[in-house]
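Subject: Structure for you to look at, with notes

Dear colleague,

Please find below the structure that I promised to pass on, followed by my notes on it. I would be glad if you read them with the structure open beside you.

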Amino acid sequence: MSGDQGLDVSGGSHGQGVLAAGSVFVGATRYTGPLAWLRLTRRWNAMVRQMKRVPGYLHHQVYYERPFTLGTVGYFRSRDDMMRFARTGGHRELMLWVVDGADSAGREGRGRNASGGYIRLYEPRDDAGSMDSPEGEPDADD
């Protein structure tokens, strides 16, 4: 992971480490270019501030893949906590903007800001505590 500052397995921003995660989100978006990243910045920062306030948030990391892909690994105490965040206004607005350039009020944007992406949700298995995808086999990238 590019720019990785190390994984906090003991502390986390809310006093819990990632080892306490009951649900992990892994996702990435292939943006259309540097201009999309520039337009993303304000929305991303607002969404991260909101995510950090959601009960059950533990930690997140961002990774980069050439040429214009940014990904996130997010750790939450439970799947319910993760889904609570996914339904927040900041996350919904960012997803609308990524897909079609619209904002939460439905105002038209400048077109698509991304050309592909994926998400995976993981939860611990009962045996040996490793993570397993409750969704089954991964689908092909969109």
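Which residue in β4 does Arg 30 stand opposite? Before the answer, please keep in mind that this is a predicted model, and that what follows was computed from it.

The residue in β4 that stands opposite Arg 30 is Gly 116. That pair belongs to a longer arrangement, since β1 and β4 are antiparallel and are joined by eight bridges. Strand β1 is also paired with β3, which covers residues 69-76, again through eight bridges and in the antiparallel sense; there, Val 24 of β1 has Tyr 75 as its bridge partner. Strand β1 itself spans residues 23-31, and seven of its nine residues are buried.

For the overall layout, the protein has three helices and five strands, which come along the sequence in the order β-α-β-β-α-α-β-β. Of its 142 residues, 37% are buried. When contacts between residues at least 6 apart in sequence are considered, 63% of them join residues at least 24 apart. The exposed surface amounts to about 8,600 Å², of which carbon and sulfur atoms supply 51%.

Turning to the interior, the largest nonpolar core contains 16 residues, and those with the most contacts inside it are Tyr 31, Met 51, Phe 76, Phe 85, Leu 94, Trp 97 and Val 98. At least two residues of this core come from each of α1 (34-53), α2 (79-86), α3 (89-100) and β4 (114-124), with α1 giving the most, namely five residues. Apart from this core lies another one, of nine residues, including Ala 21, Val 26, Leu 58 and Tyr 75. As general background, nonpolar side chains in soluble globular proteins tend to be buried together.

Tyr 31 may be a useful place to begin when you look at the larger core. Leaving out residues up to four places away in sequence, Tyr 31 touches Ala 36, Trp 37, Leu 40, Phe 68, Leu 70, Trp 97, Val 98, Asn 113 and Ala 114.

Helix α2 has three buried residues to look at, Asp 81, Met 82 and Phe 85. Seen down the helix axis, the buried residues of α2 fall within an arc of 100°, so they line one face of the helix. The elements that cover these buried residues include β1, α1, β3, α3 and β4.

Met 82 appears again among the contacts of Ser 23, a residue in strand β1. Ser 23 counts as buried because its relative accessibility is 1%, which is under the 20% cut-off. Setting aside neighbours within four places in sequence, Ser 23 is in contact with Gly 74, Tyr 75, Phe 76, Arg 77, Ser 78, Arg 79, Met 82, Tyr 122 and Glu 123.

Two further details may repay a look. Asn 45, in helix α1, is partly exposed, with a relative accessible area of 37%; Asn 45 and Gly 90 are 45 residues apart in sequence, and their C-alpha atoms are 9.6 Å apart in space. The other detail is the peptide bond from Arg 66 to Pro 67, which is cis, with omega near 0°, whereas most peptide bonds are trans. Pro 67 lies in the loop between β2 (57-65) and β3.

With best wishes

How values were computed
Residues are numbered from 1 along each chain as its sequence is written. This is a predicted model: local features need pLDDT of at least 70, side-chain atom pairs count only at pLDDT 80 or more; totals for chains, interfaces and linings use all residues. Side-chain values use heavy atoms; hydrogens and water are left out. A nonpolar core is a set of buried Ala, Val, Leu, Ile, Met, Phe, Trp, Tyr and Cys residues joined through side-chain atoms within 4.5 Å. Buried means under 20% relative accessible area, exposed over 50%, partly exposed in between (1.4 Å probe, protein chains only). Helices (H or I, at least four residues) and strands (E, at least two) are DSSP runs, numbered from the N terminus. Contact means heavy atoms within 4.5 Å. Two strands pair if DSSP finds at least two bridges between them. Accessible areas come from the Shrake-Rupley method with a 1.4 Å probe; for residues, only the protein chains shown count as cover. The arc is that of the directions from the helix axis to the C-beta atoms.
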